Structure formats: structure tokens, C-alpha cells
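Reader: I am new to this structure. Please take one part and look at it closely, then tell me how its surroundings are built.

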Amino acid sequence: MPDPEKRRTSLGDIVTNNYVWRSIFRHGYADTPRNRVLQVSANVWLHLHPSKMRRHGIRYRHTWCAGGLTFLLYLCTVVTGVVLMFYYRPTGEYAYWDVKYLDFDIPFGMIMRNMHRWAAHGMVIFIWLHMFRVFMTGSYKPPREFNWVVGVNLLTLTLLLSFTGYLLPWDQLAIWAVTVGTNMARATPLLGTEGPFGPQLGMTPRYDARALLTAGTVVGAPTLLRFYVLHCIFIPVIASILMILHFWRIRKDGGISGPL
Amino acid sequence: MAENIQPGTIQDQEEVKVQSGRARAALPAADLPDKVHTWPYLVRAEFISGCILLLVLMVWSITVDAPMEEPANPTKTPNPSKAPWYFLGLQEMLVYFDPWIAGVLLPTLIIVGLMIIPYVDINPKGNGYYTFSERKFAISTFLVGFLGMWVGMITIGVFFRGPGWNLFMPWDYWDPHKVVPLTNIDLPYKIGFRSQMGAMTCGAILVLGWLVGVPGVVWQLKKHTPFMRQLGMMRYGIVATLFMIMAGVLVKMVLRLSLNIKYILVIPNILNI
Ligand code: HEM
């Protein structure tokens, strides 16, 4: 047994063994099983986790952390997105110039916009990686069938979030990408002017599935406002609710899947 | 050291794995406790991966600016007009199918098809671990569909499509006046059917044979095997139909790119496949 009296002072001791430190942190952290459990269960951010979990679940090679990182990227888009909302007006006259102003005049405006954009792209990539790994580990099998279904809904919503956001800079790239995308709705069976049986059911360019999306016959200022509301309120609220359900179900389904 | 571990302490429960090689040798992997504390083991893993991701995102955002082109101008259509990259798979399908199939039916089938996977895959093996040999069919189908077709078509759309949605190599000059002779013909015509009725019959036989006939014959041949009994007609029908549609999309793509086949079945004003 080493003599406790003769312990060398480490850097950690120098930092923590003084008056100022103790005035902030009254006592140290004792690494006991009880404290390890409390760290998780008594912490508002961590209590989504179980306090103990099966060993394979913490391995990078099992989950690739892809679900967790998808969530982190979502949080990044929420934070930066709210910042952007302070400067952006979703109207035909202002939208483009507000974004220009963000890029060139507002302190940190450019980096907020860049982070918002790249985190959104990253989220699309990571959600695909996550789905891929969940499939490869067969984690959709009982009892996790329903959580897979929730996941597919999240995937759809994530793509719609990205798509509605794509229009907001109101530049050439935005308007034409969204024109290509929404044109497909014209061909919806029954509900589109150019879809099978659409005209017979009385669909016109002004009143069909595409007009519902674009709020008119072309991608114009009304479309911008519609996409803005969908992008900033409607889809994020639904996606957030589904994410809470997703995380809750992971716990209820017995934690991260693993060999039985 | 294994002999220094006090019963009832943390070491007793999990730190065995970080002990010296001797301790590890004394405790074979199977005897390691199966459960570990989330704090610090999972939280540490999450923290590290989160930090790396945020670092990459920040460096990326400092060095690469989000695109910003000229103001929106409804009178000036760029050529090509591309959807966002993650939708280019759908835009690419417009080359091979009519808009309502490419833009509405197939996306719906992809979403619905993904959602029903857990309810039609009755193989209990491979639940929670990586294996190929125990789920050959499921994994091969997924790899072809996801990596081969979805990711593949996005790659074509991003790197190989230029003005007029013509094929270009990534290093080619995008010539907006490139003329591609339109020699697309329908499959029945190619086989030799010249009358409209004949072509329609031929097309209908091909399409129905593919979507209904092939799965039906397989069912008749295999329905008494234990596996098919367990699967049941309902689940078999759903899996087989979706599978043949997915394979059919692939076949149609190959026919179009290699033989310039436009349609297989044409019923004027009603249906083109
Ligand atoms: C916004 C999107 C999503 C978020 C934030 C998310 C988050 C997570 C997280 C944090 C986990 C824990 C394990 C891990 O990190 O891999 C998880 C597990 C799971 N996810 Fe997702 N996910 C999303 C989308 C999806 C999608 C698209 C699918 C499938 C189509 C899916 C299906 C599942 C399933 C079945 C599990 C349980 C896996 C297991 O127990 O091994 N999720 N998700």
C-alpha cells in the first residue's frame, strides 16, 4: 500500500485545494456507485438515460452515435435558426436582402447562417447513417417495431424541414429547386391538375395539391410565407414531439438493442 | 490488480476491464459484468463525439460559406434546375417514369415500405447485433435499395447531370446546346409489335407478369415450406409486391440507359409504365 502521506501533489490538487475553489464547490465528487447513479438520474439533461446500461450500448461501433449526433445537429439548427429569425422577414421585398444583410453586416451573421445550413445538411446525412445502422443491427425487430415507424416519420419530417428551409434565402437556387420539387405535386393522382383523374375531378392549376403547397400557381411571395411558417413552427413542433416519443420509447423498449 | 479489488466497490463492478492485462486474463470476457454505469462511460462517449462533431461543424462553417445566388427571378430559368441534393433521387426517377409515378407514387411507396419493414420481417435472428449470414435476404435488399438505388441516383443527379438533364462526366464542359438524339422507343415495339392493340397486350403481360405472375408462381411452388407457412399469404404478398416494384424500377433504369426503352406498357391517356 502506498503511504497516503507521501502522495505527490498533482495539477488537479493545485487547482482544487484552495480557498477560491472551495468557495465555489463545497465538496469534491466521490466516485461511488450511488453518485454515479445520481449524476444521471438527478440531472435534468441526463435523466433521459438509464443510470446503468448494457455494455455493448456504449460502444461506438454499435450505434456509431448516429442517433445522438442527429439530435445534436437538430439542436444546432434550432439555436442558430432562432438567431436568424431575428433578422429575417419572409416577404418578397425583404427576404433576399435580409439574408444579404445577415451575411455582410451583422456580426457573426454569416457564421450563424453557415452553421444553420451545414448542420441541416449534416442532419440529413446523419439521419440516413442512423437508419442504416438501425437496420444493420436489426434493431427494428420486436419490441422496437413502433420506434422504427416513429423514426421513418422523423426522416420524412427532416427532409421536409430541409426542403422548406431551402426556399427562404429567396435567391435563384432557392426558387428553382423548390419549383422543381413542388411541380411534382401537380401530378398527384386525383388531387393534381396533371395527375391521373385530376382534371376529371375538377382540379385546376389554382386549386390542386400543388397550389396548396405553393399558395398560388407559381412559387412566389405567398409560397415564401407559407414555407416560412411550415419551416419555423409547424414542422419543428411536430418533429420535436416525435423525438420526445422516440427517446421515451427507446427506454420503454428496453434500451439500446443488443444480443439477447 | 484483480486481488486488490474490494468487493462492493466500483472496481468490483466494472473497472475490471481497465485493469492490467493480468487482471483481464483472470477474468474472461464472458464474466465481465453486463451492465455498466451510464456516468461516466456513456456520457463520456457522447461528450467526445459531440465535441468532435461541433468542432467539425464550426471549422466547416468558418471556411465554407452557404450559397447565395442572384435574387429570385421567376422569368429566368436556370438550366439545369436541380432540386436539393437529397431529393435528386426523386428527380432522377423523372427520367424513367411519368411524374405521378416518380414524384408521388414511388416516394409514398418508399415511406410506407420502410414503415412496414418491422411487421413483415419475421426472422427473429439478427436482433441487436451485426450479422449478414443470418439475414441474407433482408440485408441484401436493403443494401441494393438504399446504397445502390437511393444513394446511387443521388450521385448521378449531383455529379452526372447537366443542362437539359443530359448525362455529363463531372469533368465535361456543360454544353447547353448538347443535342442528344431522341431515339427512345417502347419495349413492345422493339420486340416487334406494331399494332397498338398488340403492343398494349404485350406490355400488359410483361408488367402484370412481373408484378403478379412471378410472385404468384413462387408462392405456388413454395407455399408448403415451413417458412412460407409462417410468413403467410398476406405478408408474402406485401413483401413480394414491394420487392418486385423496387426491382422493376432498377430494370427499367437499365433498359432505358442501355437500350433507350421509353415505356413498357402504354395505355393512351391512362397509364404509361
Ligand atoms: C430526428 C431524427 C432521429 C433522432 C434524433 C433519433 C435519435 C435516436 C437516438 C439518440 C437513439 C439511441 C441510439 C442511437 O444513438 O443509435 C435512437 C435509436 C433508435 N432509432 Fe432513432 N433517431 C432519429 C430517426 C430515426 C429513424 C429515421 C429511424 C428509422 C427509420 C430510427 C429508428 C430508431 C430505432 C429503431 C432505435 C432503437 C435502436 C436500438 O435500440 O438499437 N430513428 N434514435
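Author: What follows is a close look at helix 7 of chain A and the places linked to it.

The model is predicted. Helix 7 of chain A covers residues 109–136. Two of its residues make a good start: A:M115 and A:H116.

Take A:H116 first. Its relative accessible area is 17%. Buried means under 20%, so A:H116 counts as buried. The side chain of A:H116 has a polar atom 3.3 Å from the backbone nitrogen of A:G81. A:G81 is also on the contact list of A:H116, once neighbours within four places in sequence are set aside. The other residues on that list are A:T77, A:T80, A:L84 and A:H231.

Now A:M115. This residue is buried too, at 13% relative accessible area. Its contacts reach into chain B: with neighbours within four places left out, A:M115 touches B:L57, B:M58 and B:S61. A:T80 completes the list, and A:T80 is in contact with A:H116 as well. A:C76 is 39 residues away from A:M115 in sequence. In space, the two C-alpha atoms are 7.7 Å apart.

Move along to A:F135. The largest nonpolar core has 60 residues. A:F135 is among those with the most contacts inside this core, together with A:W128, A:W148 and A:L167. Which residues does A:F135 touch beyond its neighbours within four places in sequence? In chain A they are A:Y140 and A:W148. In chain B they are B:I117, B:R135, B:A138, B:I139 and B:F142. There is also a second, separate core of 21 residues. A:L69, A:M123, A:V150 and A:M243 are included in that one.

Just past helix 7 comes a charged link between the chains. A:K141 forms a salt bridge with B:D121, with the closest N and O atoms 3.6 Å apart. A:K141 lies in the loop between helix 7 and helix 8 (145–167) of chain A, and B:D121 in the loop between helix 5 (99–120) and helix 6 (136–159) of chain B, so the pair joins two chains. Both partners are buried.

The structure holds seven salt bridges over all chains. Two others can be set beside this one. A:R36 and A:D31 meet through their side chains at 2.8 Å, N to O. A:R36 is buried at 2% relative accessibility, whereas A:D31 is partly exposed at 41%. A:D98 and A:R89 also pair up, at 2.9 Å, N to O. Here A:D98 is buried, with a relative accessible area of 5%. A:R89 is partly exposed, at 39%.

What of the partner chain? Chain B has nine helices and three strands. From the N terminus, two helices come before a strand, then seven helices, then two strands. Of its 273 residues, 35% count as buried. Its accessible surface comes to about 15,800 Å², and 70% of that belongs to carbon and sulfur atoms. Among contacts in chain B between residues at least 6 apart in sequence, 56% join residues at least 24 apart.

Last, a contrast on the outside of chain A. A nonpolar surface patch of about 910 Å² includes A:L11, A:W21, A:I24 and A:F25. Helix 1 (11–16) and helix 2 (19–24) each supply at least two of its residues. Helix 2 gives the largest share, four residues. A:I24 lies in helix 2. Is A:I24 buried or exposed? A:I24 is exposed, with a relative accessible area of 55%.

Methods
Residues numbered from 1 in each chain as written. Chains lettered and ligands numbered in written order. Predicted model: local features only at pLDDT ≥ 70, side-chain atom pairs only at ≥ 80, totals over all residues. Heavy atoms only, no water. Patch = residues over 30% accessible without salt bridge, like charges linked within 9 Å, V, L, I, M, F, W, Y side chains within 5 Å. Areas by Shrake-Rupley, 256 points an atom, 1.4 Å probe, with all protein chains shown as cover. Salt bridge = Lys/Arg side-chain N within 4 Å of Asp/Glu carboxyl O. Buried < 20%, exposed > 50% of the residue type's maximum accessible area, 1.4 Å probe, protein only. Contact = heavy atoms within 4.5 Å. Core = buried A, V, L, I, M, F, W, Y, C linked by side-chain atoms within 4.5 Å. Polar contact = N/O pair within 3.5 Å; in protein donor to acceptor, adjacent residues only side chain to side chain.
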